[in-house]
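Student: I have a protein model open on my screen, and I would like to learn how to read it. Could you walk me through some of its features?

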Amino acid sequence: MDKVKILWISLNAPTVRSGKAGGNTFNYYFRKFVEDGRFSVKVIAQINDKMPLMDIPEENCFFLKREQQFISKLKRLSSIESKYNLWNRNANLLSNQMEAFVKNTIVQLKGEGFFPDAVILEWTQCVVLANLIRKLLPKTYIIASEHDVTFVAYERKADYFRGVKKILWSWKFNWEKKVEINALQHCDYILTHNRDYIDLLIENGIAKDRIGWLTPYFHSMNYIQRENVNTDILYFGAMDRPENYLSAIWFIENVMPRIGDLSVRFIIIGSNPSKLLKDYKNDKIVITGFVESIDSYFREGMCLCAPLVLGAGIKVKVLEALSSGIPVLTNAIGIEGIPAKKNIEYFYCDTPNEYEQAIRRIYNKEISAINIEHAAKQFIDSEFSITESLEAYKQLILTRRGTK
């Protein structure tokens with residue numbers, strides 16, 4: 001039988017590794033499909049990441065590169081509208097230059113006789129191209145890989161900010177939601193990386209039988225044995241992202257003063273910490289920046305707090321923390337899409353008082369850390385199998401071949 005032909009359209013080119021959770025998820029699944037002899041994979045993407053590119057035959061790669069030549073600069077001028085026009089057809093998620101590059105590449109491939117069995121649109125930024133793809137490839141099975149349902153993140157920003165920012169994000173939320181839902185309606189199947197969003201999409205008019213769930217890639221730390229536990233409270237993530245540094249600042253301002261009598265430190269781990277965050281640094285607030293390995297922190301830390309104030313999608317940092325066995329304290333945003341049991345596999349905290357009380361109980365050893373560790377690790381192993389998710393993904397495409 002001939003190989004199943006896949007055209008993968010991605011915001012970022014596949015790399016050996018990525019500094020972002022979504023990039024690692026894309027890299028993992030893409031690599032596994034490429035390595036499977038049943039599939040023939042071509043990719044259209046832009047190069048944004050500084051990491052080394054994945055080793056793929058050149059004839060299968062179509063990359064939009066940032067070049068300095070005069071003509072390339074002129075082409076980038078075409079993207080001014082897509083960046084600043086609030087009524088942009090792609091809700092400012094994708095540049096006009098990238099949209100044109102995707103269209104021209106598909107036209108070129110069709111001219112060469114390449115008609116894919118399936119097109120995978122990676123990230124909402126590429127999902128918004130679904131209507132265009134449907135026109136260019138009307139018989140192709142289109143899959144949306146929704147890392148986040150982006151309008152959820154926009155709505156949370158509209159709720160979080162005040163004044164002019166609130167007005168702006170409220171507008172962006174309403175327009176982006178309209179664009180995103182319309183694009184998803186043009187897809188044959190949607191794989192959300194957060195199982196909680198299945199019901200959300202159904203509520204917004206997407207048929208239930210067209211939605212599935214994909215396990216995101218995460219670095220399992222199940223191998224960690226908790227020992228020499230200290231009194232450090234951990235937070236980690238890419239600390240140049242507002243959803244991370246604003247959440248860390250919330251904890252510093254609202255919880256740390258309440259536990260000033262305890263011998264604890266708040267250890268913030270992650271690359272490129274914001275200047276706003278650095279201003280809080282003191283003896284009890286440690287900002288590490290990038291670290292080569294987080295293992296020792298999770299082996300010895302007292303607990304991890306993730307009081308997220310922004311963001312959407314599943315939180316890979318919470319999955320990784322749970323897999324290590326460290327007690328996790330988080331809120332509704334942090335545990336979204338992760339059906340862990342409260343006070344057994346993690347601690348649900350929303351208010352400063354709830355964080356304080358949970359920390360004091362852990363600090364005073366009123367909670368069995370061993371029980372939490374075993375329960376959390378078992379939960380992750382049973383609920384988040386990436387190998388099972390990969391096989392289901394492959395079967396989805398194999399069984400749909402030739403059905404359109």
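Tutor: We will go through strands, helices and one loop residue, taking each in turn. Keep in mind that this is a predicted model.

Student: Let us begin with strands. How do they come together in a sheet?

Tutor: Strands of a sheet pair through backbone hydrogen bonds, and the pairing is either parallel or antiparallel. Here, take strand β4, residues 118-122, and β5: five bridges join them, and they run parallel.

Student: Which residue of β5 is the bridge partner of A118?

Tutor: That is Y141. Further along, V119 stands opposite I142 in β5.

Student: Which other strand is joined to β4?

Tutor: Strand β1, residues 4-12, is joined to β4 by five bridges, and these two run parallel. Look for W8, whose bridge partner in β4 is I120. β5 also pairs with strand β6, residues 189-192, through four parallel bridges. There, S145 stands opposite L191 in β6.

Student: Are the residues of β4 and β5 buried or exposed?

Tutor: For this you need one cut-off: a residue is called buried when its relative accessible area is under 20%. In β4, five of the five residues are buried, so the strand is largely enclosed by the rest of the structure. A118, I120 and E122 cover one side, with V119 and L121 on the other. β5, residues 141-146, has six of its six residues buried, so it too is largely enclosed by the rest of the structure. Its two faces are Y141, I143 and S145 on one side and I142, A144 and E146 on the other, and both are covered.

Student: In what order do the strands of the six-stranded open sheet come?

Tutor: The order is β10-β9-β8-β11-β12-β13, with parallel pairing. At the edges are β10 (285-289) and β13 (347-348), each of which pairs on one side only. Within this sheet, five bridges join β8 (residues 232-236) to β9 (residues 265-269). As an example, Y235 has I268 in β9 as its bridge partner.

Student: Which helix lies across β8, β11, β12 and β13?

Tutor: That is α15, residues 352-363, and it runs at about 170 degrees to β12.

Student: Now to helices. How do I describe two that pack together?

Tutor: Two packed helices are described by the angle between their axes and the distance between the axes. Try α7 (residues 150-160) and α8 (residues 163-185): the angle is about 165 degrees and the axes are 8 Å apart. An angle over 145 degrees counts as roughly antiparallel, and α7 and α8 are therefore roughly antiparallel to each other. Their crossing is left-handed. Among the residues that make the contact are F151 and Y154 of α7 and W169 and F173 of α8. By class, this contact of α7 with α8 has six nonpolar, two polar and eight charged residues.

Student: At what angle do α1 and α17 pack?

Tutor: For α1 (residues 21-35) and α17 (residues 386-400), the angle is about 55 degrees, and the axes are 11 Å apart. These two helices are therefore oblique to each other. The crossing of α1 with α17 is right-handed. Y28, Y29, K32 and F33 are the α1 residues in this contact, and they meet α17 residues including L390, Y393 and I397. The contact of α1 with α17 has seven nonpolar, two polar and two charged residues.

Student: How many residues of helix α13 are buried?

Tutor: Nine of its nine residues are buried, and the helix, residues 316-324, is mostly covered. Among them are K317 and E320 as well as V318 and L319. Just after α13 comes G325, with a positive phi near 90 degrees.

Student: Where is L53?

Tutor: L53 is in the loop between β2 (39-46) and β3 (61-64). With a relative accessible area of 36%, L53 is partly exposed. Leaving out residues up to four places away in sequence, L53 touches A13, P14, T15, V16, I47 and F63. For a sense of distance, L53 and L277 are 224 residues apart along the chain, and their C-alpha atoms are separated by 32 Å.

Key:
Residues are numbered from 1 along each chain as its sequence is written. This is a predicted model: local features need pLDDT of at least 70, side-chain atom pairs count only at pLDDT 80 or more; totals for chains, interfaces and linings use all residues. Side-chain values use heavy atoms; hydrogens and water are left out. Axes are lines fitted to C-alpha atoms, for helices over the stretch in contact, and angles run from 0 to 180 degrees between N-to-C directions. Angles under 35 degrees count as roughly parallel, over 145 as roughly antiparallel, 65 to 115 as roughly perpendicular and the rest as oblique. A crossing is left-handed if the near helix is turned anticlockwise from the far one by less than a right angle, and right-handed if clockwise. Contact means heavy atoms within 4.5 Å. Ala, Val, Leu, Ile, Met, Phe, Trp, Tyr, Cys and Pro count as nonpolar, Asp, Glu, Lys and Arg as charged, and the others, Gly among them, as polar. Buried means under 20% relative accessible area, exposed over 50%, partly exposed in between (1.4 Å probe, protein chains only). Two strands pair if DSSP finds at least two bridges between them.
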